[in-house]
Amino acid sequence: MKRMIMMIACSVGLIAYGYAQDSKPKSKIEKVVIEYNGKKVKARQLTVSSEIPIHIDSAWANLTPALLEFVAKGMIRFKAVEGEFPKKWEVGQTYGAKMRIFGFIPFGGTHYLFIEKIDDNNHIISTKEWDKVAKVWNHDVVLKDLGNEIIQYEDSITIYGGVMTGVITSFAKKFYKHRQKRWQIVAKENLNFAE
């Protein structure tokens, strides 16, 4: 009987360990060539993904400007240049924000975020973003339903900033891992940013 209890405890522990490993953000950086101002330039493709224990509909509804401010907290603070951010992102709209790294270091002047696509069926949001330093910051957020109220959350970002591309990408990797860890808080505490 003791042996069976130990085996069950070990099995539960291994399953929990496996989930903990899957919930940690994984990242990949690839060198890519893109077109910028009519020229071919060397950019980076950053992909950060993790599993989050949340129903896909809840996660999708939460993808709002208020959520962005929450998941960025501690690394970047965004301040809308015109009044406040809207309650929801709108396709075709461009939003400007001043960014402060760690809440107080100005970075990149005004950061512009153009909402290119919101695909409710496939759970994808695509943006084209830029500022003085990051000339290209094309970002796709993709949610995939894994069942059992678990999603795969993926940030895929194409980054170009001239000679600063590598530095920007390195910071972006830390930032998106931070964001995805903050998403775990959203899931654990059942936070709602949809209202």
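Trainee: Of the 23 residues in the largest nonpolar core, which ones touch the most other members?

Mentor: Keeping in mind that this is a predicted model, the residues of that core with the most contacts to other members are Phe78, Trp137 and Tyr176.

Trainee: And which elements give two or more residues to this core?

Mentor: On the strand side they are strand 2, strand 3, strand 4, strand 5 and strand 8, and on the helix side they are helix 3 and helix 4. Helix 4 gives the most to this core, with four residues.

Trainee: Staying with strand 3, which residues make up its covered face and which its uncovered one?

Mentor: Ile76, Phe78 and Ala80 form the covered face of strand 3, whereas Arg77 and Lys79 form the uncovered face. That pattern can be read next to a general rule: in a regular strand the side chains alternate between the two faces of the sheet.

Trainee: What stands opposite Lys79?

Mentor: Lys98 in strand 4 stands opposite Lys79, and the two strands concerned, strand 3 and strand 4, pair in the antiparallel sense over five bridges.

Trainee: Switching to pockets, what volume does the largest one have, and which residues lie nearest its centre?

Mentor: The volume of the largest pocket is about 500 Å³. Its lining is made of 35 residues, and those nearest the centre are Phe78, Glu129, Phe175, Tyr176 and Arg179. Among the elements that give two or more residues to this lining are helix 3, strand 3, strand 5, strand 7 and helix 4, and the largest share, seven residues, comes from helix 4. Phe78 and Tyr176 thus appear both near the centre of the pocket and among the core residues that touch the most other members.

Trainee: How does that lining divide into nonpolar, polar and charged?

Mentor: The lining of the largest pocket divides into 28 nonpolar residues, four polar ones and three charged ones.

Trainee: What about the second largest pocket, which residues line that one?

Mentor: The second largest pocket, with a volume of about 170 Å³, is lined by Trp60, Ala61, Leu63, Lys88, Trp89, Ile118, Asp120 and Ile125. By class, six of these residues are nonpolar and two are charged, with no polar residue in the lining.

Trainee: Arg179 came up near the centre of the largest pocket; which residue does Arg179 form a salt bridge with?

Mentor: Arg179 forms a salt bridge with Asp155, and the closest N and O atoms of the pair are 3.7 Å apart. The pair links distant parts of the chain, since Arg179 belongs to helix 4 and Asp155 to strand 8, 24 residues apart.

Trainee: Are Arg179 and Asp155 buried or exposed?

Mentor: Both Arg179 and Asp155 are buried. Asp155 also has a place in the strand pairing, being the bridge partner of Val48, and strand 2 and strand 8 pair in the antiparallel sense over nine bridges.

Trainee: How many salt bridges does the structure hold?

Mentor: The structure holds two, and one of them joins Glu116 to Lys128, with the closest N and O atoms 3.7 Å apart. Glu116 lies in strand 5 and Lys128 in strand 6, so this pair ties together parts that are 12 residues apart in sequence. Glu116 is partly exposed, with a relative accessible area of 39%, and Lys128 is partly exposed as well, at 31%.

Trainee: Back to strand 2, how many bridges join it to strand 1?

Mentor: There are 11 bridges between strand 1 and strand 2, which run antiparallel. One bridge partner in strand 2 is Lys39, which is paired with Tyr36. The hairpin they make has two residues between the strands, and there Asn37 takes a positive phi near 50°.

Trainee: Where else is there a positive phi in a residue that is not a glycine?

Mentor: As background, most residues other than glycine have a negative phi. Glu149 has a positive phi of about 55° and is found in the loop between strand 7 and strand 8. Asn190 also has a positive phi, near 55°, and lies in the segment after helix 4.

Trainee: Is Asn190 buried or exposed?

Mentor: Asn190 is exposed, with a relative accessible area of 64%, which is over the 50% cut-off that the word exposed requires.

Note on methods:
Residues are numbered from 1 along each chain as its sequence is written. This is a predicted model: local features need pLDDT of at least 70, side-chain atom pairs count only at pLDDT 80 or more; totals for chains, interfaces and linings use all residues. Side-chain values use heavy atoms; hydrogens and water are left out. Two strands pair if DSSP finds at least two bridges between them. On a 1 Å grid over the protein atoms alone, a cavity is a set of points where a 1.4 Å probe fits but cannot get out, and a pocket is an open set with protein on both sides within 12 Å along at least five of seven lines; lining residues have an atom within 4 Å of a point. Grid points are joined across faces, edges and corners, and a volume is the space filled by probe spheres set on the points. Ala, Val, Leu, Ile, Met, Phe, Trp, Tyr, Cys and Pro count as nonpolar, Asp, Glu, Lys and Arg as charged, and the others, Gly among them, as polar. A salt bridge is a side-chain nitrogen of Lys or Arg within 4 Å of a carboxyl oxygen of Asp or Glu. Buried means under 20% relative accessible area, exposed over 50%, partly exposed in between (1.4 Å probe, protein chains only). A nonpolar core is a set of buried Ala, Val, Leu, Ile, Met, Phe, Trp, Tyr and Cys residues joined through side-chain atoms within 4.5 Å.
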